[in-house]
Amino acid sequence: MSLYFMCLILFSVGLYSVVRKRNIIKIIIGIGIIEYSVNLFIILIGYRLQGRAPILARDQTIENMVDPLTQAMALTTIVIGLSLIFIAVTLAIRIYEKYGTFDITKIRRLRG
Amino acid sequence: MNNQAGMSLIVKTITRLTVGLIFIYGIYIMLQGHSSPGGGFAGGVIIALSFIHLILAFGRKAVFQKMNEARGLILISSGALAFLLLSTLGFLGIFSKGLMPFSDAAIALLVSSGLFAMFLVLIGLASKEKKQ
Amino acid sequence: MSLLIYFIIVPLAAAMLTALINVRAKDKASIIPIVAGLILLGLSLYCARQLNFAQVLIYKIGGWLPPLGMSLVVDGLSGLLLVAVNLISLLVLVYSSKYMRHYTDDWKFYSLFLIMLCGMNGVLLSSDLFNLYVFLEIASLSGYALVAFGVSAEDLEASFKYMVMGAMASIFILLGIAMLYSYTSTLNMAEMAQALSTRPAGFLISFVSVLFLAGFGLKAALVPFHAWLPDAHSSAPSPVSAVLSGLVIKTLGIYALSRVFFNCLGISNKVLMALMFLGALSMVVGAFLALKQSDIKRMLAYSSISQIGYIVFALGVGTPLAILGALFHILNHAASKSALFLNAGTIERAIGTRDINKMGGLNAKLPVTGYTSLMGSMSISGIPPFAGFWSKLLIIIAAVQAGQIAYSAVAVIVSIVTLIYYLRFHTKVFLGIPAQNTAEVKEACGAIKWPVIILGFICLAGGLLLIPSFRDFLNRGVDVLVSGINYKDAIFQAVK
């Protein structure tokens, strides 16, 4: 249970960083932290105490193993998160070229 | 190669020694993926890391002569197309098994060139900005 | 139906081929995408026809049965949207074969566009919540890149805003999926509905409902979550805004929302109330914010929020007639809003501004653009012979029948407000004295004209879909949503 709670704390740290911070890079880091907290949550769902790695090999019975599906899900979300962060960083660099700042309160040409 | 660019002599020497090993380890991970932990994705990441290692040690210019965005894109699309082709052959029923090592290789090509091209794009953008 | 897999293979392969061929040779980038679009349109029409004979078309990947393997499913609802998505994407691709030539590296646009199309098709086909999430992310990620395609300062800002909001939405959705998986230990939607029906709906289901409502609501730009839409849709290149506004918010937002709530979680009165309230709020706020805009594309974007409100409101009313209205309005809004955004692009290209106050008398110079815009805006604001009138009428009648008199009054008033701002748009841009900057404007060539003419014709004749012999196309979609969680039985039958 405490592990899930830690997950929640990590999520809140990331959410705080996205909502409250003014620097674009810090917002991107916040998105990354949230992604990792959700990945951790997904892995924790499939975990069981004293569980084995879910590898089926010769002479081994599959007893008491952790859920492999959640691990596959986490792997997929990690890849999606990587591409998201990549697009975000590229955008941040281009925004810095155009505006000369990372401060989102100064990046406000769109109104209405 | 130009001695001025990149990191110190120690790093360059060590890099020369280790880069090949990392590369071969990546290929090993890629090839054994169909029967044990590993596979195209992990192998591709390790292969890409070996190239990124080269950039870090020898500087940007040494690599940009051999590799640029356009070539990276060609590699990415050919990797993806190879994987799509293999899987379509599977769907059409031409092959049913024995394709895993090949599709692992295609994925590794896609992932390694993709990660490396991402890295190139980012440092390309960053260096352009420094000039201005 | 092993054909279903080609909905995903064809756009992906075409995207990669476009990238591979056009890195060196940089002209005629649009041929491969248009061919791919034609193939996809043919496939989707074929699937829509096959639905006459079978309730559900299913393809089990690798031959594994659903609890173990993944499967692709086309039913009435996704068949309807597949036709809309692929038809409008093809028209937009034809339009952009001329329009995007002014951008450097236009092949990147086609590559990204096809990947987005692949994501949308995948969302419509997947029968598996995690698959749905993955395809949703594919479509949104390429959407972020496409919004920033022009790399001007405004584009980048809009894209960054869209990206942060979209990333939060995806994370909420993923969290909801993870919780549902831990509760039911399956990801397949039919299996999940089966598992949920045997267990009590506790606190967890309410929490997951809130997460999904926030996540898909963000993707669909319902009102408390709408801040990204006007920026993203007005800054993107016009073909991209046409697709984002016409298709993406509907497939990623409304389709996924209704699929998950109606067929998987099971709809409850609280959720219906929430949908109705959010829909009505979006209608009102979108319409009144659109009234004071002077930028054409920004006005159209706010109008999208308002019309999305109509659709979600009708889904929230929840009677079969209301759902028929909602699905019909999805199609009408997709056609008319794409036509209007494409025309906005033509106007911007012709006179170099998007400000309504600097235009006038364009009807003499650009007759095709003028008349198709008229058709699109009349359809959206609900003038009788046009298709939009019938769908709005259905929605309002259904709301009255369900006893929601106050809400239906709101819907009528918003419809009048919509008419006001579209008439204002039309009189200022196309009628009146020609402004000075229109002197050298010439009628555009065929690739720009024909897609818009076809879309305008769909706006005009779309009402024919309500004639009983064509009506099955819509009714099959309604049946899927009305059957609720009993929909799982149809899937189980088709699997065997």
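## Exercises on a predicted three-chain contact set

The contact between chain B and chain C takes twelve residues from chain B and 14 residues from chain C. The model is predicted, and it scores ipTM 0.94 and pTM 0.93.

**Exercise 1. Describe the interface of chain B and chain C by area, residues and polar links.**

Solution.
- Step 1: take the area. Chain B and chain C bury about 1,200 Å² between them. Carbon and sulfur atoms carry 82% of it.
- Step 2: find the main contributors on chain B. Leu81(B), Leu84(B) and Phe91(B) supply 44% of the area that chain B buries against chain C. That is more than any other three residues.
- Step 3: look for charge pairs. The rule finds zero salt bridges across this interface.
- Step 4: look for polar contacts. The count is zero residue pairs, with both residues required to be at pLDDT 80 or more.
- Step 5: sort the residues by class. The side of chain B that touches chain C has eight nonpolar, three polar and one charged residues.

**Exercise 2. Work through the interface of chain A and chain C in the same way.**

Solution.
- Step 1: count the residues in contact. Chain A gives 35 residues and chain C gives 34 residues.
- Step 2: take the area. Chain A and chain C bury about 3,200 Å² between them, with 80% of it on carbon and sulfur atoms.
- Step 3: check the charge pairs. Between chain A and chain C there are zero salt bridges.
- Step 4: check the polar contacts. Four residue pairs are in polar contact, both residues at pLDDT 80 or more.
- Step 5: place the contact on chain A. The elements that give two or more residues to this side are α1 (2-20), α2 (24-46) and α3 (68-99) of chain A. The largest share, 15 residues, comes from α3(A).
- Step 6: sort by class. The side of chain A that touches chain C has 23 nonpolar, five polar and seven charged residues.

**Exercise 3. Is chain A spread out or compact, judged by its radius of gyration?**

Solution.
- Step 1: list the elements. Chain A has three helices and zero strands. From the N terminus on, they run α-α-α.
- Step 2: apply the globule rule. For 112 residues the rule gives 13 Å, but chain A has a radius of gyration of 19 Å, well over that value, so chain A is more spread out than a compact globule.
- Step 3: add the box. The C-alpha atoms of chain A fill roughly 65 × 30 × 20 Å along the principal axes.

**Exercise 4. What does the globule rule say about chain C?**

Solution.
- Step 1: list the elements. Chain C has 20 helices and two strands.
- Step 2: apply the rule. A compact globule of 496 residues would have a radius of gyration near 23 Å. Chain C has 21 Å, which agrees.
- Step 3: add the box. The C-alpha atoms of chain C fill roughly 70 × 60 × 45 Å along the principal axes.
- Step 4: check the confidence. The mean pLDDT of chain C is 89, and 98% of its residues reach 70 or more. Among its elements, helix α14 (residues 362-365) has the lowest mean, 80, and helix α5 (residues 129-147) the highest, 93.

**Exercise 5. Which parts of chain C does the pair Arg259(C) and Asp75(C) link?**

Solution.
- Step 1: start from the total. The count is nine salt bridges over all chains.
- Step 2: take this pair. The side chains of Arg259(C) and Asp75(C) meet in a salt bridge at 2.8 Å, N to O.
- Step 3: place both residues. Arg259(C) lies in helix α10 (residues 238-265) of chain C. Asp75(C) lies in the loop between β2 (71-74) and α3 (76-99) of chain C.
- Step 4: read the separation. The two residues are 184 residues apart, and the pair links distant parts of the chain.

Definitions and conventions:
Residues numbered from 1 in each chain as written. Chains lettered and ligands numbered in written order. Heavy atoms only, no water. Contact = heavy atoms within 4.5 Å. Buried area = accessible area lost by both parts, 1.4 Å probe. Salt bridge = Lys/Arg side-chain N within 4 Å of Asp/Glu carboxyl O. Polar contact = N/O pair within 3.5 Å; in protein donor to acceptor, adjacent residues only side chain to side chain. Helix = DSSP H or I, 4+ residues; strand = E, 2+ residues; numbered from the N terminus. Nonpolar A, V, L, I, M, F, W, Y, C, P; charged D, E, K, R; others polar. pLDDT = per-residue confidence, 0-100. Rg over C-alpha atoms; globule rule 2.2 N^0.38 Å.
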